[in-house]
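Please open the model in a viewer and keep the selection panel at hand. The tour below proceeds stop by stop, with a selection to make at each one.

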Amino acid sequence: MTAPREELGLARDLEARDRFADDETDPSVSSASDPVVALGDDAAPDGLPPGGIGERQSGRRGSLPKLAVPGAPLLVAKDLRTHFKLDAGWVKAVDGVSFRVDDGEAMGLAGESGCGKTTTALSLVRILPSNARIRKGSSIELFGIDLVPKTENQLRRYRWREISIVFQGAMNALNPVRRVGEQIAEPIEIRLGATRDRATRQSAELLELVGIPRKRAKAYPHELSGGMRQRAMIAMALACDPALVIGDEPTTALDVMVQAQILQLLESLRRDLGLSLILITHDLSVIAETCDRTMIMYAGRVAEEGPVSRIFTAPRHPYTERLLGAFPNINSDRRTLETIPGIPPDLLNPPEGCRFHPRCPAAMDVCREVVPPEVLFPDGVRVACHLHPAGAGGGMLISAEDVASRRMPPVAAETPAVGASPGTPGSVGK
Amino acid sequence: MTGSADFVPTGRSLRAERWRLRVRGAREFAGQFASRRDGLIGLAILSAFTLMALSPDLFVGAKETVVSATGTRLEPPSAAHILGADELGRDILNLTVHGARISMSIGLMATAITIVVGTSIGVAAGFLGSWTDSGLMRVTDFFLVLPTFVLAIVLAPVILDIIGPEAEFLGLRATLLVIVVVIGITSWATTARIIRSQTLSIRERMFVDRARVIGSGSGHIMRRHIFPNVVNLIVAQAVITFAAAVFIETSLAFIGLGDPFAPSWGQLLESAQSAGAPGLGAWWYIAPPATCVVLVVLSFTLVGNALDDILNPKAQVRR
Amino acid sequence: MSGRYIVQKIAQAIVTIIAIVLLNFLLFRMMPGSPERILLRNPYLTQEKVEQVRADWGLDKPLFPDQFVGYVKATAAGDLGYSLQFRGQSVVDVIESHFWPTMLLLIPAEVIAIIVGLTAGSYAGWRRGSGGDKVASGTSLILYSMPYFVIGMPLIIIFAAGLGWFPTSGMTTPGLSSASFLTQLFDFLRHLVLPLAAISLGLIGGYSIIMRSAIIETRSEDYVTTARAKGLKDRRVLRQHAFPNAMLPMVTIIAIQLGYVVAGAITAEVVFNWPGLGTLTVDALETRDYPVLQGVFLLLSVTVVVANLGADLIYGRLDPRVRS
């Protein structure tokens, strides 16, 4: 089911009214006369938004948050560190993760259980357990607005309206004692200030958008099938017309047929609404189908990150190779293994140096001692592995700042691999 | 159970090994318990009361009687009587400390009955299953429904009548005996239910092993296999039951089922009530026994909660 | 919730009630020499009443089935025997006259306890570990460890004997029966405050502890995370998402507790000399007025069974997952 975003114009003009009821810093705005920054037709006069969208004109957003920095990319995380306090010490669940998501992009976050992908995503909206701390030095910039120093009240403004989440296992993620339609209408009514009626109507439209008949709005979650519940969660995530939707294992626990349907739905929503997506999953095939870029995480750090096509055809990090199965690596004469021996490390006391070294068949002495720096290669892939140091193959050391601005190494860019969208850094060449 | 053929065959080593494991388990447990502040406070309070119960004479001398009373009627606290005197002039501090022994021993015996009966029925029901289980559980559920306090009130005179007012057992006179029995009768059902659940889940686990335990009778299995695994639960339950037992005994004594010659705290409060202490503002008569009861029940509850959390952990994720 | 479920539950309740009646029947037959000795040593009964009872209750016939059937028939017909203490009044009358004072005490107490206890428990559980939680939990735990009369006695000492704000005992001041309605009402209310406070506080202790656990469990559920991720205010998440789900088991617990509260209030009534069922029970105990004791036991036990049945039926209606 594809309904252009204009049919969701309701959300748009609600956005324009821009209820800042929750935000204490921004002055309350309730009149439409307040200037609202818009992309698309009313884009900044210098042409292409520097967010790197390129040809992908999504015309998506009706408005940006008031504090948005003009020209800033959708989301940039720089050196994100989220640690959990236990009696025994600090669990370094996310330990120096940087990445960038552009408007209209879909990024896949992959890795084993416990690698920190969910924590990373939840850190973005700070839905974390009470013993979690986002370390100083981390920054999460949404349209240039740093969310990390914001107070809970200030941060609430951005939840769901800019970033929403589709949780896995929607049976538990939906309130069992309230009707589905109500739950979808709730953020429309409360966060956007719509009347009950309007919110209900909008919620019915959202349900249709995801392929659920309107009349099921009165159903309770347990009355829907697993696939329908997941769709309902997607509808709910779209309720406030967010800039970014995070899908936390949205297809796990669904059977393969339903999985395919959900992925198809996500893809069509992305296309028609110009959604940006962060998809968290341990199933790489999902990422291959749906995402433009992917970030492979291991033990709280980035192992490899870049365009999906590149990573899937020519993985560099040994961990990525194993995740992908039996892809022979042109650059190495090692034999790849089907399974990854060992267990993920204890993040309370992670290994020194490269955290993967205890399980890496290619581990060298340096791996045991020195944390591998992130190196960016001309094909747009970023790797943290001593096997792929800077210099060889055009790799250049990059910092978190570089990641944020997607600066390319000075060497001439290779032709992007087949399938890469025009929006990859290789073509923009900043 | 695998590899038992590789075990050193002498029974002695096996026992030594088991002992070593038990000691390590005990040490671990002690460590965990030490980190629970509420459990420690409870334990401290209980120890103090246990001391008081074991040797009250050490603290306040022999129990005062009407003959040895030196105070005036309902005398407020003074230098001579730190907590004042009752309506017969007896020192209240003295009576309260001596009351510890009565209250705690009644609680202990009632708990013993409850645990023994409850565990036996629970294990039997859970282990033997089918008809035994159904039958026992019907009875248990019935007792669970009955309001314990009212049942106790109704049973007490009946039992008293049956055993006769002169009966004595283990040094307890009839009235106290009745209270112990009555608390036991009315409290075993909860324990039975809980133990039965645990037994059922153990039985599921043991099924495979049971096939290997060739020829062992049910009794043997129950003793050697089921029982050690429910001990944790029993201990936690015992502590919680003790709290309830003291609570009920105090209430029963308060409404007149106590023994005036063996004044438990509840009995003291009954005397206070009869003497009109509340209306007269004689707080010194009421506060000591009342405080003791609350402290003991509270500390048993705290220790019981701590034990329950440690021995039967339920992991919870906090967001 | 199917009709079959309802019928099943009601049937179970009936069976339990029959068992209670049986227990009641046997209880006093167990004592040596009864029932003649117990039931008929009532000096206030006329000889012909004695004959009638003997006939009705089949006391010269064998225990089963004749006596039992006779007993059941009589009970069902509302004949619970005659009180020893109250000069031959029927047990039913005696219980009736003590019924309303207890209700006037317990109903407001329950209402107050539910409102305060659930609210306090919710906030304590929601802000687990906070200062407010520690204070609330500590207080609740202490109150929960105190029998009602142990709560009541200090109240009397401080507020009645000490400050003199309220009377020290009783439900009414004697000698006011000719005064105006308003005066009588005010007098009654003055007597009501302390016992009401004692019972409410005791109940609040229990309810808030249980509600706190329920909220703590609910708080870790995924849908609460979703609600927070939706950017809803904390209070809304608690009220609209956590609380309704925590209330599901709570309603059952409260309904079941309602059955037991009368029994619990016995000691409170004694302390305050409140002329209700509690005082009646204790007096009957003292005077070995077995017919009354039996009658009260029957009433309170059946109340509990009915309350449990109510809880089962209510839960079926509240939880949408069970409803269908």
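## Chain A: the strands around β1

Begin by selecting A:His83, whose bridge partner in β4(A) is A:Arg133. Before going further, note that this is a predicted model, in which local features need pLDDT of at least 70, side-chain atom pairs count only at pLDDT 80 or more, and totals for chains, interfaces and linings use all residues. Residues are numbered from 1 along each chain as its sequence is written, while chains are lettered from A and ligands numbered from 1 in the order in which they are written.

Helices (H or I, at least four residues) and strands (E, at least two) are DSSP runs, numbered from the N terminus, and two strands pair if DSSP finds at least two bridges between them. β1(A) and strand β4 (residues 132-134) of chain A pair in the antiparallel sense over 3 bridges.

Next, select residues 75-86 and 89-101 of chain A, which are strands β1 and β2; they run antiparallel and are joined by 9 bridges. A hairpin is formed by β1(A) and β2(A), with 2 residues between them. Within this pair, A:Val76 has A:Arg100 of β2(A) as its bridge partner.

Add strand β5 (residues 139-142) of chain A, which runs antiparallel to β1(A) and is joined to it by 4 bridges. Here A:Leu75 is the residue to display, with A:Leu142 in β5(A) as its bridge partner.

## Chain A: the open sheet

Now colour the 9 strands of the open, mixed sheet of chain A, whose order is β7-β8-β9-β3-β10-β11-β13-β12-β14. At the edges stand β7 (163-166) and β14 (396-397) of chain A, each with a single partner strand, so one side of each has no neighbour in the sheet.

Moving along the sheet, select strands β8 (residues 244-248) and β9 (residues 276-281) of chain A, which pair in the parallel sense over 5 bridges. A:Val245 has A:Leu277 in β9(A) as its bridge partner.

Then select strand β11 (residues 301-307) of chain A: 7 of its 7 residues are buried, so the strand is largely enclosed by the rest of the structure. A residue is buried if 20 or more other C-beta atoms, placed from the backbone, lie within 10 Å of its own. Strand β10 (residues 293-298) of chain A pairs with β11(A) in the antiparallel sense over 6 bridges, and A:Met297 stands opposite A:Val302 in β11(A). In the turn of the hairpin that β10(A) and β11(A) form, A:Ala299 has a positive phi of about 50°. For another partner of β11(A), show strand β13 (residues 382-383) of chain A, paired in the antiparallel sense over 2 bridges; A:Glu305 stands opposite A:Arg382 in β13(A).

## Chain B and its contact with chain C

Switch to chain B, which has 11 helices and 2 strands. Of its 319 residues, 48% count as buried.

Display chain C as well: 35 residues of chain B are in contact with 42 residues of chain C, contact being C-beta atoms, placed from the backbone, within 7 Å. On the chain B side, the elements giving two or more residues are α5 (130-145), α6 (148-163), α8 (218-257), α10 (277-280) and α11 (283-311) of chain B.

## Chain C: helix α9

Finally, select helix α9 (residues 222-229) of chain C, where 7 of the 8 residues are buried, so the helix is largely enclosed by the rest of the structure. The buried residues of α9(C) include C:Tyr223 and C:Arg228. The last selection is C:Gly231, which follows α9(C) and has a positive phi, near 80°.

Terms used. Two residues are in contact if their C-beta atoms, placed from the backbone, lie within 7 Å. A residue is buried if 20 or more other C-beta atoms lie within 10 Å of its own, exposed if 12 or fewer, and partly exposed in between; C-beta atoms are placed from the backbone.
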